[in-house]
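I open these notes with a request to myself: look up the overall build of the protein, and then the surroundings of its ligand.

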Amino acid sequence: MPQDNHFSDEERRGVYRAIYERRDVRSHFLPDRVPDDVLHRILDAAHHAPSVGFMQPWDFLVIRDAEIRRSVHRNFECASRRAAEAYRDEQRKLYDSLKLAGILEAPINLCVTCDHARLKGGGLGRQTDPAVALYSTVCAVQNLWLAARAESLGVGWVSILDLEQLKTTLGVPAELTLVAYLCIGYVSEFRPHPDLEEKGWETRSDLASVTHFDRWGVHHSGEQDRK
Ligand SMILES: Cc1cc2nc3c(=O)[nH]c(=O)nc-3n(C[C@H](O)[C@H](O)[C@H](O)COP(=O)(O)O)c2cc1C
């Protein structure tokens, strides 16, 4: 039987729905337990991400322990206080009002690491740009984020952390790169727009302004002219 390469309209709508309705969640976490099979599915989605040379450089560290999460939360608070010093006046007031992590509220925290030295993949594709291992790991994070949305789970990425201290807290080997620290759990709502947009911190750029055709800075395709 020939393989069906096509998504039905409904399946396609589901993919786009996950993309457009995915949110970074910091508030709205519920304490409800995430069943093991659901956690397994989103981790498996992450594990099916593309990776350079098929090296699969990621590891997933699932953190449920409350004491460890409290320690990570203290790390976040210190890092956030330091980060706040970069802002002045109205922007500082706005920064101070933002909720930038849900470490304690989310029942699962997940640390995603990248092993640049992983032998899998035989180094294919890595000679010209060593950063591609990192990019692969970020693809895994995005897979997980979208799958989580389809499972009605919120995910929040916390980057305001002292990463060396975090590695010590979690016992992550020194030679690995800590790529993402995620808060995961069911939520009371998914907001329709990014939190930072709703709070007046930043807006989404216009797609046309970041799309170039053939040469940098050419923002129209010329397709219309050719017709
Ligand atoms: C690499 C990365 C790091 C981020 N770090 C933080 C963070 O430390 N705290 C936070 O509240 N949001 C963080 N975010 C979430 C962004 O603020 C969010 O993605 C953006 O505002 C757009 O909102 P949306 O994800 O809901 O579409 C991070 C996102 C990415 C991709």
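What follows are my entries, going from the whole protein to the ligand.

I note that this is a predicted model, in which local features need pLDDT of at least 70, side-chain atom pairs count only at pLDDT 80 or more, and totals for chains, interfaces and linings use all residues. Residues are numbered from 1 along each chain as its sequence is written, and side-chain values use heavy atoms, with hydrogens and water left out.

I looked up the secondary structure and found 8 helices and 4 strands, taken as DSSP runs (helices H or I, at least four residues; strands E, at least two). From the N terminus on, their order reads α-α-β-α-α-β-α-β-α-β-α-α. The C-alpha trace spans about 60 × 45 × 40 Å along its principal axes. Of the 227 residues, 36% count as buried, that is, under 20% relative accessible area with a 1.4 Å probe, protein chains only.

I then turned to the ligand, and listed the residues near it (a heavy atom within 4 Å): Arg22, Arg23, Asp24, Arg26, Leu100, Trp157, Val158, Ser159, Ile160, Pro194 and Leu196. Which polar contacts (N or O pairs within 3.5 Å) reach its oxygen atoms? I found a side-chain N or O atom of arginine 23 at 2.7 Å from a ligand oxygen, a polar side-chain atom of arginine 26 at 2.9 Å, and a polar backbone atom of serine 159 at 2.7 Å. Taken alone the ligand exposes 620 Å², of which the protein buries 73%, by the Shrake-Rupley method with a 1.4 Å probe.

Key. Polar contact = N/O pair within 3.5 Å; in protein donor to acceptor, adjacent residues only side chain to side chain. Buried < 20%, exposed > 50% of the residue type's maximum accessible area, 1.4 Å probe, protein only.
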